[in-house]
Amino acid sequence: MIQIHRRSDASGPAPDPSSPAFVIGPDILWVDLIDPTRDEELVVEHALGLLLPTRKEMAELEASSRLYRENGATYLTADLIHNGDAEVPAVDPVTFVMTPGPLVTIRYFDPRPFPILKERLERDPDLCGSAPDLFLNLMEAVIDRASDVLAHNAARVEAIAGLIFAGRKTVGFGRLIAQLGQAQMAASRIEQSLADLARVFAFVTLDERIGHDPDAREHLKSLSRDASSLIAHNQAVAANLNFQLSAALGLINIEQSSIIKIFSVAAVAFMPPTLIASIYGMNFRHMPELPQAWGYPAALAAMVAAALMPLVWFKRKGWL
């Protein structure tokens, strides 16, 4: 699908991207390709006189495949967060092409910043007067969304910390460790997206449409500072996650040690009574206590005393 957004002062009917005679005029501000077919890509390539990256090329990890200039256009590919309200948000590549005319975006999903910016443009058609303005406003929406997802993940990590250090004996560490793993994956994907955005902000200054505009450069510097601060915040969240995971594992070890200690104490406590019962269970004819009336109660009392004495000793030593 191809969506066209024109300047606020554009007149006449909007051009039809499905028409063979489709032409990108000076009134077109943004060409948004959403899950485009190959025919749609060819239509835009013919109208712009530029080659657009394919989906496979967008997935390349090399910096030279993601950030480059060609035929007067600047190609920028970054992994953006989407489905940010899920336990583990997803990241997928989006390509931004700064052309001498409109801004071209190529994407195969619908991250929230795109509809947000489109709603803003509907409310305020004069919000973006040029393609560079549109690009910077779109990047601002992307940074805002990344900040929201990061804040959600940080709040979730704090909630998990409250459960880990609640002081209750039965916390359900298995479930908490699974939640910590999900939060760690989310932090990793947030870091991946923010790092890509930081590289985009550094590279796009080479484009004269932004590099030679003082206002655009200042706006870009602000976005770069925001990305850097979010990266630092996300790293702090990741460090907190590692601490909580270590603490959870330590508490699990303490809990397991307490359980083993109980069994060890029980085993030691029942060893003397077992010894006494074994002695009096021997089949010898001449045992002095057997013919006595007090023999059986005395044996029971000896077993109880033998069980209590180790418990009292452990209690005094502070082992219980």
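**Exercise 1. List the residues that L103 touches in this predicted model, leaving out its sequence neighbours up to four places away.**

Solution.
- Step 1. On one stretch of the chain, L103 touches L29, W30 and V31.
- Step 2. L103 also touches F96, V97 and M98.
- Step 3. The remaining partners of L103 are A131, L134, F135 and L138.

**Exercise 2. Place L103 in the largest nonpolar core, and state which element gives the most to this core.**

Solution.
- Step 1. The largest nonpolar core has 53 residues.
- Step 2. L103 is among those with the most contacts inside this core, together with L76, L80, F96, F135, L197 and F201.
- Step 3. At least two residues of the core come from each of β2, β4, β5, α4, α5, α6 (173-203) and α8 (214-280).
- Step 4. The element that gives the most is α5, with 15 residues.
- Step 5. Another core lies apart from this one; it has 18 residues, including L33, L50, A73 and Y75.

**Exercise 3. Find the buried residues of helix α4 (residues 113-123), and explain how they are arranged around its axis.**

Solution.
- Step 1. The buried residues of α4 are P113, F114, L117, K118 and L121.
- Step 2. Viewed down the axis of α4, these buried residues fall within an arc of 135°, so they line one face of the helix.
- Step 3. A general rule helps here: an α-helix has 3.6 residues a turn, so residues three or four places apart point the same way.
- Step 4. On the face of α4 turned away from the buried side are the exposed residues E122 and R123.
- Step 5. The cover over the buried residues of α4 includes the strands β1 (2-6), β2 (28-34), β4 (73-82), β5 (90-98) and β6 (103-107), as well as helix α5 (131-164).

**Exercise 4. Decide whether A151 and V304 are buried, partly exposed or exposed.**

Solution.
- Step 1. The class "partly exposed" lies between the cut-offs of 20% and 50% relative accessible area.
- Step 2. A151 lies in helix α5; its relative accessibility is 42%, so A151 counts as partly exposed.
- Step 3. The C-alpha atom of A151 is 9.7 Å from that of L230, a residue 79 places away along the chain.
- Step 4. V304 lies in helix α9 (residues 295-317); its relative accessibility is 49%, so V304 also counts as partly exposed.
- Step 5. With L308 and L311, V304 forms a nonpolar surface patch that has about 250 Å² of accessible area together.

**Exercise 5. Describe the protein as a whole by its elements and its buried share.**

Solution.
- Step 1. The protein has 9 helices and 6 strands.
- Step 2. It has 320 residues, of which 40% count as buried.

How values were computed:
Residues numbered from 1 in each chain as written. Predicted model: local features only at pLDDT ≥ 70, side-chain atom pairs only at ≥ 80, totals over all residues. Heavy atoms only, no water. Buried < 20%, exposed > 50% of the residue type's maximum accessible area, 1.4 Å probe, protein only. Helix = DSSP H or I, 4+ residues; strand = E, 2+ residues; numbered from the N terminus. Arc of directions from axis to C-beta. Contact = heavy atoms within 4.5 Å. Core = buried A, V, L, I, M, F, W, Y, C linked by side-chain atoms within 4.5 Å. Patch = residues over 30% accessible without salt bridge, like charges linked within 9 Å, V, L, I, M, F, W, Y side chains within 5 Å. Areas by Shrake-Rupley, 256 points an atom, 1.4 Å probe, with all protein chains shown as cover. Salt bridge = Lys/Arg side-chain N within 4 Å of Asp/Glu carboxyl O.
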